[in-house]
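Reader: Could you take me through this protein step by step, from its overall form to a detail of its surface?

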Amino acid sequence: MKKTLSIIFGLFIGITSYTQTLNVVNGKVLDADAAKPISGVHVFVQNTDISQKTELDGTFILQNVPNGAHIVVFKKIGYETQYFPISLDHKSINIGDVMLYIDISQTIDNSIITLSSDDLSDEGAGGADNVAGILQSSKDTYQRAVAFNFGQVWFKERGYDSSYGQVSFNGMPMNKISNNRPQWSDWGGLNDVLRNQMFTNGLAASETSFGNVLGTTNFITRASDYRSGGKASYSFTNSNYDGRIMASYNTGMMENGWALTVLGSRRFAQEGYVEGTSYNAWGGFLAVEKKLNDNHSINLTAFYTPNRRGKNAPQTQEAFDLGGTKYNSYWGYQGEDKRNSRMKEIKEPTFMLSHYWNVNDKTTVNTNVLYQMGTIGNSRLGYTASNPDPTYYQKLPSYSLRYPGSENYEAALIQTQTFLNDEPASQILWDDLYDANLTAEGDDAVYYLYEDVSEDVTIAANSVISTQINENIILNGSVLYKKTASENYARMMDLLGASYFTDLDRYASSVDGENQNDLNNPDHQVQVDERFNYNYLIDATQIDAFAQGQFSYDKVDFYLAGNYGQTSYQRDGLFRNGNYADNSYGKGEKQNFPTFGAKAGLTYKVSGRHLINFNGGYMTKAPSLRNTFSNSRVNQDVVPNSVTEKIISVDASYIYRAPGIKARLTGYYTTFKDLNEVSFFFAQGISIAGFDFPSEVSGDAFFLNTALTGVEKKNMGGEFGIDIQITPTVSLQGAAAFGQFTYDNNPELYIGSDQFSSTHLGTAYLKNYKQSGTPQRGYSAGFSYRDPKYWWVSANANLLSNNYISISPILRTDNFYTDPFGNPIPFNNITQDEVDTILAQEKFDDIFLVNLVGGKSWKVKDKYFGFFASINNLLGEEFKTGGFEQSRKANFEELAEDQARETPTFGNKYWYGRGTSYYLNFYVRF
């Protein structure tokens, strides 16, 4: 690795550049209202790498500025950016005092039209994939449309999962090692201190890391970078939460060399937009910086955002037709109170110590040390009696009508009337669960509430260096070490009136203790707060090194970058599972995944108005923890043939910049290879020739874990964005996304369960099926009006289409054609047309959304007052945001029989988006 990095740096330094006559530009930056110096202003010469931050007294000095005409830019969060033209001819200049004005637009609070992982269910195809670009700070019209207009429908930029984007704080990567995604809830509710950020789109060069195909977002929490002053706000909404209160204060850099930023917030709701979804979230943030001298500063960042929220369930169309699009089967009345069985709670405080070192006027080094600890818990009901889910298939009208000629219309009518007229009976019956435990034989619980817990401790250290070789060349580099110890277990939360729960696998045989979840503690009588069912540790380590050269010339800018790293995982079982007595307890084999990447990009400046940009890269990526182990709760098994993912991506853009018009047109093409996809579900109709299932899972029905291996995907398409300034107050915006995201091969499928190890089921014929979880096409048109008297309004109309259901791979294997009973043989008398019809991928209806946004602000003496309001989905359109095929009927005969019914018993499950929603925010800045 050292040799590789040395070669890369050697090549960068070896590239020659021409010399120019150089000059010095200096001056002072002041607050236009207070007439006081502003420190920490980013001052730079446009289209060069010459930059500096203002000192405590507001002064700056720009060295080595070439002759000619230039634009000097003054930028700081909280102020309007100023542009100062200069012309140099072998002479240095002092441009005097530069005034910065408060940026009124930054009083806009985007927290409600910004989606977070809190908005999305954890089990669905939608996941939290869209949020990677939501907090991006970009004036690109297309990026704004993706963030604020398309985000309501789980739109994924270029169809990429959020694990392919990197989120950092002060250059420290924050993506979770469990799924490689950013855990947005860890910094939820901190909006006012997360406005200072650096964003790179796609493969573009990043100063802090190699990045990935979805780009990078780096939040900067250096206390001296915040504008001095405070802000308090209160918000009303009908979204996840009803209200939010937030207050923050920043000192800026004080004369004693200290800077302090603090923030506190709370978001709350007894019930959110969806029934039974309570919300309770707190947020606290602290940044303290000490300037040791002109070259060294130390900054401590700490934040903690504990949050607890109720989830909402995916449903079949039958359940939504009965209960409405806000129906949620996860909750029920306990007495007179609503209680949700599926609560998600996140408590992960984060601490980061950063050292900033200005080695000289050309080289900076930023070193960070991170410590994060805490838990993520997801609760659910466990049971050994009948299923308490009110939408369990046997409780819905379709079950009573499933056999033509033998329909039980009376039972179906009763079930229908229950949903329509008796709300408590159409939800979880908590009181009945208590009664069942009290009347059951013995003291053992037949119903109980437990929590799946991930308890992580992460330590990390990284160092980022940037050095300017000359006026044309900048070198960047970083090294990273990150280690996570993750303890995963089930915790008993509530015995619902019972005395204990015996820790046994009810679906396993009692022979030789196979039904014991922990042979080291057999027949354990579980009490509240005790661990049971499963308990294991994962030790994960990541190292990475990155180097990059950025080159800037009159007609061409380009960059070259490379990285090398290694990720390793090791499971350590703390329970000895009865089904896997020899393959569950103790440490398993360490899994190592070496990674590397290379990318390059070029911008050709046809003229000042016309630019052409190209980017291309090849990289490898370790599979996530989730996709490395086939069933880590009960054994050490690794997904067969696990290797690093391979990604190839290219894009090309034409950029037009002129007074009054900004536009970008981009085309992209990306391939993903050697992906793993692990999932869990209940299935019937499984058969494998020559394989005898254990007797306890006979009857062809059992809970499966499945692993797709060697998956290939292809994402290609185009993006377009344009902003036209019609008058000084009126502008028009347009954006379009046209994509095609498909599976690009036929991967292999392995199945296993708590009772039998992973077994090769066969090839899954997925090629050319559409990827799910996002509209693949989107179009937006809107206008904005900004009045000189500080009020503004904007509106946009959006059309989103080509969103598809998440397909079931097991339905697309040879098993689908096979009779599971007796000696498995293919079904007779079925045609390919019949199979194609029954396996046709569902395409959701197009979505048309209209959004309206506006605000007003006032200055009263030295304070600013204002409000911001938005209405999303103004027309109240009902739409599906995602969903998945059920895998319960896993062969042709059973699925065809179910789909032939007027209302399928095991139809597709969906999530619906919000109807009309509003957000109103009042604030004061001082």
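The questions and answers below move from the whole chain to one surface patch.

Author: This is a predicted model, in which local features need pLDDT of at least 70 and side-chain atom pairs count only at pLDDT 80 or more, while totals for chains, interfaces and linings use all residues. Residues are numbered from 1 along each chain as its sequence is written, and side-chain values use heavy atoms, with hydrogens and water left out.

Reader: What is the radius of gyration of the protein chain?

Author: The radius of gyration is taken over C-alpha atoms, and the globule rule is 2.2 Å times the number of residues to the power 0.38. For 926 residues that rule gives 29 Å, and the protein chain comes close to it, so it is as compact as a globular protein of that length; its radius of gyration is 29 Å.

Reader: What percentage of the 926 residues is buried?

Author: Buried means under 20% relative accessible area, exposed over 50% and partly exposed in between, with a 1.4 Å probe and protein chains only. Of the 926 residues in the protein chain, the buried share is 56%.

Reader: What percentage of contacts between residues at least 6 apart in sequence joins residues at least 24 apart?

Author: A contact means heavy atoms within 4.5 Å. Among contacts in the protein chain between residues at least 6 apart in sequence, the share joining residues at least 24 apart is 71%.

Reader: Is Phe720 buried, partly exposed or exposed?

Author: Phe720 lies in strand β35, residues 701-725, where a strand is a DSSP run (E, at least two residues) numbered from the N terminus. Because its relative accessible area is 32%, Phe720 is partly exposed.

How values were computed:
Helix = DSSP H or I, 4+ residues; strand = E, 2+ residues; numbered from the N terminus.
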